[in-house]
Amino acid sequence: MIEWLQRMFEHMQWADERVATLLTSPGVRAPDDAVRVFAHVLAAERIWLLRMQGRDASGQPVWPDTALEELDGIRAALRTDYGSFLSSIRAD
């Protein structure tokens, strides 16, 4: 199960990176709807992490109002937090 979760995490990271690259490509103005949907995807990833940790996710907005410039920091935090979570269940 841990290996499966690791593969899903790696795929999620890959997909998030691809979307972020497209939205922030030089000379491209990211459509507001695309930024909104990507912020939603990242929020859903946070919600699932909280649930897997057994924590309350009810305070996490599902459709956050997030600017494009904020998404990279959110992705970095998710990468760190998912990595820590996966390391913690390996240690058990």
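How much space lies in the largest pocket? In this predicted model, the largest pocket holds about 200 Å³ of space, and its surroundings can be described by starting from the helices that border it.

The lining of the largest pocket draws at least two residues from each of α1, α2 (32-52) and α3 (68-91). Its lining residues are W4, L5, M8, F9, M12, V41, A44, E45, W48, M52, Y82 and L86, and the classes to which they belong are set out below.

| Class in the lining of the largest pocket | Count |
|---|---|
| Nonpolar | 11 residues |
| Polar | no residues |
| Charged | 1 residue |

Helix α1 spans residues 2-23, and its 22 residues reach 31 Å from the first C-alpha to the last, which is close to the 32 Å expected at 1.5 Å a residue. The buried residues of α1 are L5, Q6, F9, M12, Q13, D16, A20 and L23. Seen down the axis of α1, these buried residues fall within an arc of 120°, so they line one face of the helix. The face of α1 turned away from that buried side carries E3, W14 and L22, which are exposed.

Among the residues lining the largest pocket are F9 and Y82, both of which are buried. The count of aromatic pairs comes to 1: F9 and Y82 form a stacked pair, with 5.7 Å from centre to centre and 25° between the planes. This pair links distant parts of the chain, with F9 in helix α1 and Y82 in helix α3, 73 residues apart.

Key: Residues numbered from 1 in each chain as written. Predicted model: local features only at pLDDT ≥ 70, side-chain atom pairs only at ≥ 80, totals over all residues. Heavy atoms only, no water. Helix = DSSP H or I, 4+ residues; strand = E, 2+ residues; numbered from the N terminus. Expected span 1.5 Å × (residues − 1). Buried < 20%, exposed > 50% of the residue type's maximum accessible area, 1.4 Å probe, protein only. Arc of directions from axis to C-beta. 1 Å grid on protein atoms, 1.4 Å probe; cavity = no way out; pocket = protein on both sides within 12 Å on 5 of 7 lines; lining within 4 Å. Points joined across faces, edges and corners; volume = space filled by probe spheres on them. Nonpolar A, V, L, I, M, F, W, Y, C, P; charged D, E, K, R; others polar. Phe/Tyr/Trp six-rings, centres within 6.5 Å; stacked < 30°, edge-to-face > 60°.
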